[in-house]
Amino acid sequence: MWPAAALALALLFRRRGITVIVFYALGVWLAHRVATRPLPTLDDEERFVTIEAPLQRDWAARDRSFVLRADRFCIGDVTYKEPLSIYVRFTPPLMEMEATIRAEGFLRRTEHGDYALTVKSQELLCYGGELHGPAAWNHALANRLRPHVAQHPVEVALIEALILGRGELLTGEVRDSFKRGGTYHLLVFSGLQIALAAAALAALLRWLHRPRASDWLLLAFAVIAPLFIGPTASVSRAATGIGLYALARILKRPTSVENLWCVAALLRLIIEPRDLTDASFHLTYAGAGALIFLARNRRWLLRALAAELTITPLTLFHFHQYALGGSLLTIALAPVMLAMLVVSALACAFPRDALFSAIAALHRLCGFMNGFAFSGAFTAPPLWAMVAGYGLALFALTLERRGP
């Protein structure tokens with residue numbers, strides 16, 4: 001009841017500060033509701049079940065076992081929109097172009113509220129269906145790289161992560177190197193790759209004097225990209241922003257980067273409300289928002305510091321670790337990662353030893369540069385302090401006076 005009254009109050013006063021405060025309070029209330037909502041009606045006790053889930057990722061090695069993650073699963077005719085991890089202690093069968101997995105095993109709920117299924121035998125696991133469209137293209141490119149995993153394991157893992165959004169082959173050592181530097185967001189497929197691809201397409205068509213075709217192509221690209229990679233928070237943010245920008249140009253309705261950021265976040269939450277309490281959603285929108293709302297400041301060092309101050313409390317809260325200097329390293333590593341991205345795209349289409357060697361050299365340079373960050377572990381800040389701090393920051397933005 002009170003959220004509706006708060007929204008009515010915001011519309012009544014029509015003041016930017018009141019509106020931001022009301023919507024911030026509404027977001028906190030919704031986040032609390034999502035975090036404390038009852039889970040689906042599955043018993044807490046472990047039981048033997050048969051599940052079916054979409055194949056959105058590949059198997060990842062974890063110590064002496066393998067794990068496959070899914071965003072939802074079915075038991076009979078009932079669908080559970082909860083994350084599921086499937087664990088096996090045998091080498092799972094290779095995926096071809098299948099779309100679903102069917103497994104029998106012991107299902108339990110973890111301490112984090114997610115579900116885990118333990119499969120004891122390979123006879124209790126099989127694949128089914130067939131992939132179509134952009135998801136099939138992604139899997140076909142991954143299959144082209146798999147024969148080279150034995151000889152170039154790290155390089156293939158980097159290519160799949162950067163180009164195909166598949167990070168399952170990344171080793172803990174590679175992940176830790178980028179996490180210590182605060183640059184892990186550059187390693188996984190994110191808005192950087194989508195923005196670069198969209199910019200290249202737009203620049204090409206405008207060079208050919210086809211601006212209207214460029215807008216329609218950007219709109220089509222914004223639809224296809226999440227289907228190819230998967231609708232993660234960072235991918236959906238970039239794709240939605242690009243799609244809204246192209247749509248605004250097609251309809252001849254001028255907009256701003258700030259509006260695109262806000263609408264992209266709202267659309268993402270409408271499509272997937274669970275992201276309201278998701279770490280990747282917090283980090284991707286907080287980091288992008290810090291840069292967007294300070295974009296008018298020409299001092300890049302100050303903008304990098306603002307992004308650092310915005311992201312650090314969130315990384316402490318979610319992961320109990322920090323990496324001071326990550327924003328500066330992001331700027332320094334951007335040209336290196338761009339070069340690795342180009343080489344990875346070539347290697348994905350034409351796997352050659354020379355391209356794998358180039359990726360290995362660029363990766364060594366990234367590891368050297370990541371070593372300059374000041375990182376460590378620390379306790380998470382209290383929730384009330386983060387709510388108050390970010391709330392005051394949003395209110396301060398509403399009081400900012402824009403120049404002419």
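Biologist: How many residues lie between β7 and β8 in their hairpin, and which turn residue has a positive phi?

Modeller: In this predicted model, β7 and β8 form a hairpin, and five residues separate the two strands. The turn residue with a positive phi, of about 90°, is G113.

Biologist: In which sense do β7 and β8 pair, and which residue of β8 is the bridge partner of R109?

Modeller: Strand β8 covers residues 115-119, and four bridges hold it to β7 in the antiparallel sense. One of the bridge pairs includes R109, whose partner in β8 is Y115.

Biologist: Over how many bridges do β1 and β7 pair, and which residue of β7 stands opposite R47?

Modeller: Strand β1 is residues 47-54 and β7 is residues 100-109. The two run antiparallel and pair over eight bridges. Opposite R47, in β7, stands L107.

Biologist: How many bridges join β7 to β9, and which residue of β9 stands opposite A103?

Modeller: Strand β9 consists of residues 125-128 and runs antiparallel to β7, with four bridges between them. The β9 residue opposite A103 is L125.

Biologist: What is the angle class of α3 against α8?

Modeller: Two packed helices are described by the angle between their axes and the distance between the axes. For α3 (residues 134-145) and α8 (residues 211-229), the axes come within 7 Å and cross at roughly 50°. An angle from 35 to 65 degrees is neither roughly parallel nor roughly perpendicular. The class of α3 against α8 is therefore oblique.

Biologist: Which residues make the contact between α3 and α8, and how many of them are charged?

Modeller: The crossing of α3 and α8 is right-handed. From α3 the contact uses P134, A135, W137, N138 and L141, and from α8 it uses I224, L227, F228 and I229. By class, eight of these residues are nonpolar and one is polar, and the number of charged residues is none.

Biologist: Where is K252, and is K252 buried or exposed?

Modeller: K252 sits in the loop between α9 (233-250) and α10 (257-271). Its phi is near 55°, a positive value in a residue other than glycine. The relative accessibility of K252 is 68%, and the cut-off for exposed is over 50%, so K252 counts as exposed.

Biologist: What is the phi of H320, and what is its exposure class?

Modeller: Most residues other than glycine have a negative phi. H320 is not a glycine, yet its phi is positive, about 55°. H320 is placed in the loop between α12 (300-319) and β10 (321-324). With a relative accessible area of 42%, H320 is partly exposed.

Definitions and conventions
Residues numbered from 1 in each chain as written. Predicted model: local features only at pLDDT ≥ 70, side-chain atom pairs only at ≥ 80, totals over all residues. Heavy atoms only, no water. Buried < 20%, exposed > 50% of the residue type's maximum accessible area, 1.4 Å probe, protein only. Axes fitted to C-alpha atoms, helices over the stretch in contact; angles between N-to-C directions. Parallel < 35°, antiparallel > 145°, perpendicular 65-115°, else oblique. Left-handed = near helix turned anticlockwise from the far one by under 90°. Contact = heavy atoms within 4.5 Å. Nonpolar A, V, L, I, M, F, W, Y, C, P; charged D, E, K, R; others polar. Pairing = 2+ DSSP bridges.
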